[in-house]
Amino acid sequence: MAGALQLPHGPSPHARLDVQIAEASHVDEIASLIASSTCKLPRDCARRVRAEMDNPDKLLVVALADSHVAGWARACYVAPSPFAAPNAAPEGWYLMGLFVARAWRRHGLGSRLTASRLEWLGQRAGRVLYVAEPGNQATQLLHDEFGFELLHDEVLIGGDVGQLYVREL
């Protein structure tokens with residue numbers, strides 16, 4: 001697949017790092033990253049990425065290292081079904097998914113991707129939510145840096161159970 005994971009094996013201290021809203025030229029590299037962490041086919045992931053990029057209720061941002069995708073993150077608006085369970089995640093804007101290529105972890109890209117999404121959401125909402133699997137300390141520590149607080153111990157979202165966190169903007 002063209003553009004698939006052409007990152008260097010490890011971070012260069014001279015790499016130019018940037019975070020921006022994803023563009024069509026990033027689709028194949030984002031899809032390759034998603035496929036590498038989910039064991040799905042890159043072409044299937046690419047279709048999903050394109051659909052998300054075309055949806056005005058979703059945001060997809062990328063972390064670039066020397067113009068190659070080193071990570072990605074999403075935000076989206078969630079509106080539960082009228083038939084949702086009583087403990088369904090409430091309606092609102094959510095941080096949904098963040099992935100950084102293994103070689104680029106612990107270099108601040110997760111924080112930069114989160115800050116970028118919060119800035120974008122600050123123009124659209126008074127609060128932002130995210131759901132974490134219980135015990136996922138990495139995501140909890142990352143979001144603690146941004147002032148998120150536990151709102152509910154157990155909510156349902158997309159068929160999964162997690163802990164709901166909130167931050168007022």
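## Strands, cores and charged pairs

In this predicted model, a good place to begin is the cysteine C76, which is buried, with a relative accessible area of 6%. C45 is buried as well, its relative accessible area being 5%. What is the distance from C76 to the nearest cysteine sulfur? The nearest one belongs to C45 and is 17 Å away, and C76 is in no disulfide. A disulfide is a covalent bond between the sulfur atoms of two cysteines, and the search of the whole structure finds zero disulfides.

From here we can turn to the strands. Strand β3, which covers residues 68-78, is mostly covered, since nine of its 11 residues are buried. On one side of the pairing pattern, β3 pairs with strand β2, residues 58-65, in the antiparallel sense over eight bridges, and within this pairing L59 has A75 in β3 as its bridge partner. The hairpin of β2 and β3 has two residues between the strands, and D66 takes a positive phi near 50° there. Strand β3 is also joined to strand β4, residues 92-100, by seven bridges, and these two strands run antiparallel; here the bridge partner of A73 is L98 in β4.

The next topic is how nonpolar side chains gather. How many residues does the largest nonpolar core have? This core has 43 residues, and those with the most contacts inside it are I30, W72, L95, W104 and F148. The elements that give two or more residues to this core are the helices α1 (27-38), α2 (42-53) and α3 (109-121), together with the strands β2, β3, β4 and β5 (127-132). Strand β2 gives the most to this core, with seven residues. If its neighbours within four places in sequence are left aside, W72 is in contact with I30, L33, I34, L60, V61, V62, G97, L98, F99 and L113. There is also a second, separate core of 10 residues, which includes the cysteine C76 along with A89, L129 and I157.

Charged residues give another view of the structure. Side chains of opposite charge can pair when their charged atoms come close, and the count in this model comes to three salt bridges. In one of them, D44 is paired with R47, with the closest N and O atoms 2.2 Å apart. Both D44 and R47 lie in helix α2, three residues apart, which is about one turn of the helix, and D44 counts as partly exposed because its relative accessibility is 33%.

The side chains of E52 and R48 also meet in a salt bridge, at 3.3 Å from N to O, and these two residues likewise lie in helix α2, four residues apart, or about one turn of the helix. Is each of these two residues buried or partly exposed? E52 counts as buried because its relative accessibility is 7%, whereas R48, at 48% relative accessibility, counts as partly exposed.

E52 forms a salt bridge with R74 too, the closest N and O atoms being 3.0 Å apart. Because E52 lies in helix α2 and R74 in strand β3, this pair ties together parts that are 22 residues apart in sequence. Both E52 and R74 are buried, and salt bridges that share partners join R48, E52 and R74 into one network.

Methods:
Residues numbered from 1 in each chain as written. Predicted model: local features only at pLDDT ≥ 70, side-chain atom pairs only at ≥ 80, totals over all residues. Heavy atoms only, no water. Disulfide = S-S within 2.5 Å. Buried < 20%, exposed > 50% of the residue type's maximum accessible area, 1.4 Å probe, protein only. Pairing = 2+ DSSP bridges. Core = buried A, V, L, I, M, F, W, Y, C linked by side-chain atoms within 4.5 Å. Contact = heavy atoms within 4.5 Å. Salt bridge = Lys/Arg side-chain N within 4 Å of Asp/Glu carboxyl O.
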